[in-house]
Amino acid sequence: MTVLKYILTAACAYLLGSVSVSILLSRGVMNADVRAHGSGNAGATNMARVFGLRMGALTLAGDMLKAALAMLLGFALLGENGMCLAGALCLVGHCYPALHEFRGGKGVSAGAAVLLA
């Protein structure tokens with residue numbers, strides 16, 4: 001049963017990390033892909049550069065929130081080991097999102113949330 005919890009934690013954390021807040025916001029609100037502008041990166045800095053500080057701050061908050069949620073899930077299922085596993089895999093998912101052709105952010109905001117936790 002414990003092995004299944006580790007697999008579930010890892011998979012959920014990676015998939016949660018793969019949700020790119022900047023791409024969702026840029027496509028949903030601004031009707032453009034942030035990766036096609038500025039530095040070409042899907043991070044909070046490029047969002048702020050291209051679409052303004054408000055969008056950059058929302059991206060930063062969303063990226064930190066998804067890392068925190070992943071770690072809370074890991075902690076709920078497996079304690080501190082689960083929290084560490086979830087944080088690491090959320091960070092990998094943020095940098096290499098399967099949902100967005102493995103082109104993600106640099107991991108600064110998600111990494112900051114993992115370090116804070």
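This talk walks through a predicted model of one protein chain, from its overall build to its cores, its salt bridges and a few single residues.

Let me start with the overall build. The protein chain holds six helices and zero strands, and, read from the N terminus on, its elements run α-α-α-α-α-α. As for overall dimensions, the C-alpha trace spans about 45 × 25 × 20 Å along its principal axes. The radius of gyration is 14 Å, which agrees with the value near 13 Å that a compact globule of 117 residues would have. Of those 117 residues, 43% count as buried, and the chain exposes about 6,300 Å², with carbon and sulfur atoms supplying 70% of that area. When we take the contacts between residues at least 6 apart in sequence, 56% of them join residues at least 24 apart.

Let me turn to the interior. In soluble globular proteins, nonpolar side chains tend to be buried together. Which residues make up the largest nonpolar core here? There are nine in all, namely V21, I23, L25, A32, V34, A42, M47, F51 and M55. Helix 2 and helix 3 are the elements that give two or more residues to this core, and the largest share, three residues, comes from helix 2. M55, for its part, touches L25, V29, M30 and M47, if we leave aside residues up to four places away in sequence. There is also a second, separate core of seven residues, which includes A13, A70, A86 and C90.

Since helix 2 gives that core its largest share, I would like to stay with this helix for a moment. Helix 2 covers residues 21-28, and its buried residues are V21, S22, I23, L25 and S26, so that two serines appear in the list beside the nonpolar side chains. What covers these buried residues? The cover includes helix 3, residues 44-51, and helix 4, residues 53-78.

Next, the charged side chains. Side chains of opposite charge can pair when their charged atoms come close. How many salt bridges does a search of the whole structure find? It finds three. One of them is between K66 and D63, whose closest N and O atoms are 3.6 Å apart. Both residues lie in helix 4, three residues apart, which is about one turn of the helix, and both K66 and D63 are buried. The other partners, R27, D33 and R35, are joined into one network by salt bridges that share partners. In that network, the side chains of R27 and D33 meet with an N to O distance of 3.2 Å, while those of D33 and R35 meet at 2.9 Å, again N to O. Are the two arginines buried or exposed? R27 is partly exposed, with a relative accessible area of 45%, whereas R35 counts as buried because its relative accessibility is 11%, and the limit for buried is under 20%.

I will close with the surface and three exposed residues. M1, V3, L4 and I7 make a nonpolar surface patch of about 490 Å². Among them, V3 is found in helix 1, residues 2-18, and it counts as exposed because its relative accessibility is 59%, with exposed meaning over 50%.

The second residue is N31, which lies in the loop between helix 2 and helix 3. Most residues other than glycine have a negative phi, and most peptide bonds are trans. N31 has a positive phi of about 55 degrees although it is not a glycine. With a relative accessible area of 68%, N31 is exposed.

The third residue is E101, and where along the chain is E101 found? E101 sits in the loop between helix 5, residues 80-95, and helix 6, residues 108-116. At 61% relative accessibility, E101 counts as exposed as well. The C-alpha atoms of E101 and L53, which are 48 residues apart along the chain, are separated by 26 Å.

Technical notes: Residues are numbered from 1 along each chain as its sequence is written. This is a predicted model: local features need pLDDT of at least 70, side-chain atom pairs count only at pLDDT 80 or more; totals for chains, interfaces and linings use all residues. Side-chain values use heavy atoms; hydrogens and water are left out. Patches are made of residues with over 30% relative accessible area and no salt bridge: like charges are joined within 9 Å, nonpolar side chains (Val, Leu, Ile, Met, Phe, Trp, Tyr) within 5 Å. Accessible areas come from the Shrake-Rupley method with a 1.4 Å probe; for residues, only the protein chains shown count as cover. A salt bridge is a side-chain nitrogen of Lys or Arg within 4 Å of a carboxyl oxygen of Asp or Glu. Helices (H or I, at least four residues) and strands (E, at least two) are DSSP runs, numbered from the N terminus. Buried means under 20% relative accessible area, exposed over 50%, partly exposed in between (1.4 Å probe, protein chains only). Contact means heavy atoms within 4.5 Å. The radius of gyration is taken over C-alpha atoms; the globule rule is 2.2 Å times the number of residues to the power 0.38. A nonpolar core is a set of buried Ala, Val, Leu, Ile, Met, Phe, Trp, Tyr and Cys residues joined through side-chain atoms within 4.5 Å.
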